[in-house]
Amino acid sequence: MRINVVTLFPEAIAPYLAASIPGRVASAGKVQYHLVQLRDFTHDRHQTVDDYPYGGGAGMVLKPGPFFEAAATLDEESRRGPILLLSARGKRFAHADAVRWSLGERLTILCGHYKDVDQRVAEGLATEE
């Protein structure tokens, strides 16, 4: 199984994937983790990934462009597999979800940070939220 994780903080996630059960599973060759830095897909010198919500509102949301560009760099198999958007407005994670996703060959996780992610990511890229 290959798990792609698109995030602003791959250096914070890497130690968790190397420890305990995730680390043992990777050492046994049953899973490969591929961490993708979202800021690598920005085009300004400050590597800006957030912006004001389209249509107004309080707070900042993550821009859709970097997510779409990051997903485009993944292998074709990953783009056909489930793409999960982690956000506060999504459904609650349950054991049945973990079992279902563990049975596949590919899984891509888009990590939402800050207030939220632009709705275009949820509608145009993610298969589940």
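This is a tour of a predicted model, moving from its sheet to its cores, its largest pocket and a few single residues.

**The sheet**

Begin by selecting the strands β2, β1, β6 and β5, which in that order make up an open sheet of four strands with parallel pairing. At the edges stand β2 (32-37) and β5, and each has a single partner strand, so one side of each is left without a neighbour in the sheet. From one strand to the next, the twist averages 20°. Next, show β1 (residues 2-7) together with β2, and follow the six bridges over which these two strands pair in the parallel sense; if you pick Thr7, its bridge partner in β2 is Gln37. Then add helix α1 (residues 10-18), which lies across β1, β2 and β6 (106-111) and runs at about 170° to β2.

**The nonpolar cores**

Which residues have the most contacts inside the largest nonpolar core? Select Val6, Phe67, Leu85, Leu110, Val121 and Leu125, which hold that place in a core of 19 residues. The elements α3 (64-73), β5 (83-86) and α6 (119-124) each supply at least two residues of this core, and its largest share, three residues, comes from α3. A second, separate core has eight residues, including Val5, Leu84, Trp101 and Ile109.

Return now to Leu85 and display its surroundings: not counting residues up to four places away in sequence, Leu85 touches Leu110, Val117, Val121, Ala122, Ala126, Glu128 and Glu129. From there, step to Ala122, which lies in helix α6 and is buried, with a relative accessible area of 15%. Leaving aside neighbours within four places in sequence, Ala122 is in contact with Leu85, Arg89 and Glu129. A distance to draw here is the one from Ala122 to Ile83, which are 39 residues apart in sequence and 9.7 Å apart in space, C-alpha to C-alpha.

**The largest pocket**

Turn next to the largest pocket, whose volume is about 630 Å³. Its lining has 27 residues, and to find the centre you can select Phe93, Ala98, Trp101, Leu107 and Ile109, which lie nearest to it. Colouring by element will help, as β1, α2 (20-27), β5, α5 (95-102) and β6 each give two or more residues to the lining of this pocket. The largest share of that lining, four residues, comes from α5. Trp101 and Ile109, which are among the residues nearest the centre of the pocket, also belong to the second core.

**Tyr114 and its loop**

Is Tyr114 buried or exposed? Select Tyr114 in the loop between β6 and β7 (116-117); with a relative accessibility of 51%, Tyr114 counts as exposed. Even so, Tyr114 touches Leu8, Phe9, Arg39 and Leu62, when residues up to four places away in sequence are not counted. The C-alpha atom of Tyr114 is separated by 8.6 Å from that of Gly59, although these residues are 55 residues apart along the chain.

**Two positive phi angles**

Finish with two backbone details. Ser20, in helix α2, has a positive phi of about 50° although it is not a glycine. Gln47, in the loop between β2 and β3 (50-51), has a phi near 50°, again a positive value in a residue other than glycine. The relative accessible area of Gln47 is 34%, and Gln47 is therefore partly exposed.

Definitions and conventions: Residues numbered from 1 in each chain as written. Predicted model: local features only at pLDDT ≥ 70, side-chain atom pairs only at ≥ 80, totals over all residues. Heavy atoms only, no water. Core = buried A, V, L, I, M, F, W, Y, C linked by side-chain atoms within 4.5 Å. Buried < 20%, exposed > 50% of the residue type's maximum accessible area, 1.4 Å probe, protein only. Contact = heavy atoms within 4.5 Å. Pairing = 2+ DSSP bridges. Axes fitted to C-alpha atoms, helices over the stretch in contact; angles between N-to-C directions. 1 Å grid on protein atoms, 1.4 Å probe; cavity = no way out; pocket = protein on both sides within 12 Å on 5 of 7 lines; lining within 4 Å. Points joined across faces, edges and corners; volume = space filled by probe spheres on them.
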